[in-house]
Amino acid sequence: QVQLVESGGGLVQAGGSLRLSCAASQGTFSRYVIGWFRQAPGEEREFVAAISRLGGSTNYAESVKGRFTISRDNAKNTAYLQMNSLKPEDTALYYCAAAISSFPTMKMDYWGQGTQVTVSS
């Protein structure tokens, strides 16, 4: 089964940018749809973005469209979430997840441990 490790989180001012990475191991990365989710304190976990196995299709939550970009490099077994024009409401623990099901899907099978993103106003 695939194992996922997120990195790239941190503290940034509103309007700034961050790029999150999701490194996969112990699995064939290109077999999985990859998604990014986030959870703010006291809130439910919510979908952010997803990308198909070969990267040809993506979808985004309305709240991040035009600001965030999901991508993947199957040769490096890594997915990315480029986050621009960050807002304080983007503050959350960001999770990478992998799905065996076909794109699009919300049924994620494997999860990383999360990376914290904090946006100051």
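Q: A salt bridge is a side-chain nitrogen of Lys or Arg within 4 Å of a carboxyl oxygen of Asp or Glu. By this rule, how many salt bridges are counted?
A: The model is predicted: local features need pLDDT of at least 70, side-chain atom pairs count only at pLDDT 80 or more, and totals for chains, interfaces and linings use all residues. Numbering runs from 1 along each chain as its sequence is written, and side-chain values use heavy atoms, without hydrogens or water. One of the bridges joins Glu62 and Lys65, at 2.8 Å from N to O. The count comes to five.

Q: Is Glu62 buried or exposed?
A: Relative accessible area decides this: buried is under 20%, exposed is over 50%, and partly exposed is in between (1.4 Å probe, protein chains only). Lys65, the bridge partner, has 44% and is partly exposed. Glu62 has 62%, so this residue counts as exposed.

Q: Which residue forms a salt bridge with Glu46?
A: The closest N and O atoms of this pair are 2.6 Å apart. Glu46 is partly exposed at 35% relative accessibility. The partner is buried, with a relative accessible area of 5%. That partner is Arg38.

Q: How many residues apart are Asp90 and Arg67?
A: A salt bridge joins the two, with the closest N and O atoms at 2.7 Å. Asp90 sits in the loop between strand 8 (78–83) and strand 9 (92–99), and Arg67 in the loop between strand 6 (58–60) and strand 7 (68–73). The pair links distant parts of the chain, at a separation of 23 residues.

Q: Which residues do shared salt-bridge partners join into one network?
A: Asp90 and Arg67 belong to the network, and both are buried. Glu46 and Arg38 belong to the network as well. The full set is Arg38, Glu46, Arg67 and Asp90.

Q: How many strands are in the chain?
A: Elements are DSSP runs numbered from the N terminus: helices are H or I with at least four residues, strands E with at least two. Helices number zero. Read along the sequence, the pattern is β-β-β-β-β-β-β-β-β-β-β. The strand count is 11.

Q: How are the rings of Phe37 and Phe47 arranged?
A: The structure holds four aromatic pairs (Phe, Tyr or six-membered Trp rings with centres within 6.5 Å; planes under 30 degrees apart are stacked, over 60 edge-to-face, the rest tilted). The Phe37 and Phe47 centres are 5.7 Å apart and the planes meet at 75°, so the pair is edge-to-face.

Q: What parts of the chain does the Phe37 and Phe47 pair tie together?
A: Both residues are buried: Phe37 has a relative accessible area of 6%, and Phe47 has 16%. The two parts are 10 residues apart in sequence. They are strand 4 (residues 33–39), which holds Phe37, and, for Phe47, strand 5 (residues 46–51).

Q: What is the angle between the ring planes of Tyr95 and Trp111?
A: The ring centres are 6.4 Å apart, and the pair is edge-to-face. Tyr95 lies in strand 9 and Trp111 in strand 10 (residues 110–111), so the pair ties parts 16 residues apart in sequence. The angle between the planes is 85°.

Q: Which residues form one aromatic cluster?
A: Tyr95, buried at 14% relative accessibility, is a member. Trp111, partly exposed at 32%, is another member. The cluster is Phe37, Phe47, Tyr95 and Trp111.

Q: What percentage of the 121 residues is buried?
A: The C-alpha trace spans about 40 × 25 × 25 Å along its principal axes. Among the buried residues are Phe37 and Arg38. The buried share is 43%.
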